Every structure is written in structure tokens, then in C-alpha cells.
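Reader: I would like to learn how to read enclosed spaces and backbone angles in a protein model. Could you take me through them step by step?

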Amino acid sequence: MTGAIMIAAALLLPVGAHAQAQNGLSNLFGGIFSGPNAAPSQASPAPGGALPWSGEDGASGHPLMTAAAIREAAGNFNNCVAGMWPDAARRGVTQENFQRFTAGLSPDLRIMDLMDSQPEFTKSIWDYLDILVNDNRLAKGREVLAKDKAQFDATEKATGVDRYIIASIWGIESNYSTQMGDRSVLQSTATLACIGRRQAYFKDEFLSALEILNRGDLRPEQMRGSWAGAFGPTQFMPTAFKRFAVDGDGDGRRDVVDNPTDLIASTANNLKKDGWQAGQTWGFEVVVPQGFNYMLADRAKAMPIAQWEKLGLKRATGQPFPHPGEKAYLLAPAGAQGPGFLMLQNYRVIMKYNPAEAYALAIGHFADRLRGGQPFVQPWPRQERELSRSERLELQQLLAQRGFYKGTPDGQFGGQTREALRNFQASIGVPADGFASSDVLDRLRGR
């Protein structure tokens, strides 16, 4: 499992670059969203009794993800780590600490399988929300809000960031600190800095992790998390920690793992610096009228809410919109058969934290429920099934054959696939909602 980004990417569409790269939902969900593991072949030892590396080429096809390239890089791992000392020194890491923190590091090659995993089957957005927004998690969230009320009060006053959003991220990322991941951040980021297809990105993460330890904010045993290096209850990557972590209680350390004061203040600081608008919500569930032009359901087509009202959109609760002049864009995650949502600036901020629409929707909705709000009003099209990876690949290939899709079919749905699907739907006179149903696949097959 690769965490929330991969999960939500398989559900809806990932947008933008990594924010909090692959994080704590990997621990929460276990193997729910993962395909079967490949049979081990010349498997490498795995830490802590974890599954070993499959010994096979990565599914991405990247030349650095072939089994031969992985083995070669693994054989040079110690030299690679030692070669990062000059960069660490330039960042202020002492030689003593560099040697202390890197002593005994070995590559965790199982990460190569996780990095390139492509699940055959995925969860629908309604199943995803059912798993995340449940009574047990809500009850725990309310306990946390009550227990840390003083800190939430102070942080909300200082930053303007909604306490319920902070509590929602905490709950969804780590189930309130109970499932944060158990891989060493140093080992994971060192592995990825020396092996595989994103070495430059993870070299920065590894060096940043060394800086955190050198400064004394955290101890190595506290820095345990996902395979990609995200750690703590709200899953900071090391580089994000450097940008956003704050010392909330003035003790000289920025402890976002075991200190709720620092955790709450740091998560709020992250959202504030990403553009959180105080006193505003993230979005509204809306009823979309019959015959609506779903080509307007696009992140790039934001317009004032009053204009959406003129097009027939209304709040699902029947209440008026509080600020009709606010700009919003329409999201229809289940197409014309499911609920619509008008998304505001704060939704975009949540997506900077983790750039997947399903994740951001879950965070916003969970926050509303913590606040005392109700479940979504409109039903999801639960009769629809999610396409398998082979079907997603076939859909892209058929769209390409008809001239709608210009990318390389890979079974992963992004903005280019959604746009191609909309254009095909428009060409056959059905709602151009971009929803990849089994019916639209049958139409592409000519049935």
C-alpha cells in the first residue's frame, strides 16, 4: 500500500505534486486497496519480519525500477549514504551525528514493491468515505477535541484554522495516533534516496530527516512512519516538518509526534501557510439539476456561487449559501448519478496537504461531522462497481483509438483521462460527467 495519495488516486484523480507524500492511511487500511503480492524471487531480507522484496521488476517500467537496477543500487547503498555527508555538513549536521544516525543503515527493498504497486481493484469513493467517517472515529475525535480544548482554542485564535479540520486530519491520517506506521524514517528515506526512480526527491527528505535529528527536535525512535517517510499523527514528511513545524509550548523542541501542543500548532501552521481562509468552510453539497452541462464540472472553471445558483444548483440541505460572492468549482465525484459539491478555497488548501479529491472530501466531511453536522443528503450510486485495473487500461485504450485520449494508457485515471471521457460522453449525447462506469466502458466497446 502506498498510502492516502495512492488510494485516493485510484478512486478519483490525483491533482498536482506531492504534498504529504504517501502517508498514514497505508497503516489504517492494511491491504484493502492493494493487489496480491508477487511471489518472492531472490527476495532480500526484510526488517522486523515484514514482507520481503519480490525481487521483480517494478510495474512502472522505469529503468531504475528493474530488478537488476535495484540489486545494483542496493549493493552500492553504503557508498551512497556515505556520499551524502558533504550535503549533510552543508546543512549543519555534525560529523558525529551523521555517523551516529547512519550507522548500521541497510536498504529496505520491500519499499520498491510498495513504490510501484498498481492495485487491480480499488474502492469506490462511497466505500472510502464509509471506512473513514464512522461512529468510532467520530467518538474518538470528540474526545480529543475535549481533552486538548485549551490548545485548540489557542491555535484557532492565533491562526484562524478550524479546529475540526485539524482534528479531522489527525483522525484520518493516524486514527488519533494509534496507527502511524512502524518503518524507520531514516531507513525508508535513505533507501529511496539511493535506490529507485525518485532519488533526488528522497535525498532531500533523507537529509531533512538528519537535520531534524541533529537539531534535537525528535529522537530516531520517534521518527517511524510510512514507507515513504511520513511520520507523526498528522504525517509530516521531513521537508514539510522543516517548513511548518513550530514549538507550540516553548520547550525548545518541535515534537509533532508525542506533544499534542506542537502537533496541533504545527498542523495549523501548515494549513495557514498554504492559504487557509479563517471563518470559511471547505465546500457545500449541492443538488445538480437534470440536463446540467457537466463540462462545467472542472477545477479550472471556478465562478461565483451566485452564478452557479443561476445555473440551477442548490444546497442539498435547502439552506441558502452564506456568501454567494465566493468563487467555487463543481466536483461531481460519482458523476450525474451522485451528489455534487461546490468547492471553495479551503478545499484547495486541504488538497495541498494531500492532492487527491477523495482525501480532501473525506477530511472536509469528517470535520463537519465532528462539528455536529449530518451525513451527506443525497445517495451515492452504490449499484455501480469500480472498474478493475485491466478495465481502466482498456477504457483508456478505446478512448485513444477513437481519438479522445492522447496520453499513454496506464490504467491510472488522471485529468487527461477524465477530459477524454467527458468528450466521448458528449459525442454520444449522454451526461459528460467524466465518471468511468461499466456502462460507459460498454459503450466504448460498441455494445
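Author: What follows deals with a cavity and then with two residues in loops. Please keep in mind throughout that this is a predicted model.

Reader: How many cavities of 30 Å³ or more does a search of the whole structure find?

Author: A cavity is a space where a probe fits but cannot get out. In this structure the search finds two of 30 Å³ or more, and the second largest has a volume of about 70 Å³.

Reader: Which parts of the chain supply the lining of the second largest cavity?

Author: Strand 6 (327-331) and helix 20 (415-427) each supply at least two residues, and the largest share, three residues, comes from strand 6. Seen by domain, the lining draws at least three residues from each of domain 2 (283-371) and domain 3 (389-445). Among the lining residues are Asp298, Tyr329, Glu357, Arg418 and Asp433, and the whole lining divides into five nonpolar, no polar and six charged residues.

Reader: Where does asparagine 175 lie, and what is its phi?

Author: Asparagine 175 lies in the loop between helix 11 (163-174) and strand 1 (183-184), and its phi is near 50 degrees, a positive value in a residue other than glycine.

Reader: Is glutamine 235 buried or exposed?

Author: Buried means under 20% relative accessible area. Glutamine 235 is buried, because its relative accessible area is 0%, whereas asparagine 175 is partly exposed, with 22%. Glutamine 235 is found in the loop between strand 2 (224-225) and helix 14 (238-244), and it has a positive phi of about 60 degrees although it is not a glycine.

Note on methods
Residues are numbered from 1 along each chain as its sequence is written. This is a predicted model: local features need pLDDT of at least 70, side-chain atom pairs count only at pLDDT 80 or more; totals for chains, interfaces and linings use all residues. Side-chain values use heavy atoms; hydrogens and water are left out. On a 1 Å grid over the protein atoms alone, a cavity is a set of points where a 1.4 Å probe fits but cannot get out, and a pocket is an open set with protein on both sides within 12 Å along at least five of seven lines; lining residues have an atom within 4 Å of a point. Grid points are joined across faces, edges and corners, and a volume is the space filled by probe spheres set on the points. Helices (H or I, at least four residues) and strands (E, at least two) are DSSP runs, numbered from the N terminus. Ala, Val, Leu, Ile, Met, Phe, Trp, Tyr, Cys and Pro count as nonpolar, Asp, Glu, Lys and Arg as charged, and the others, Gly among them, as polar. Domain bounds come from an automatic or database domain assignment. Buried means under 20% relative accessible area, exposed over 50%, partly exposed in between (1.4 Å probe, protein chains only).
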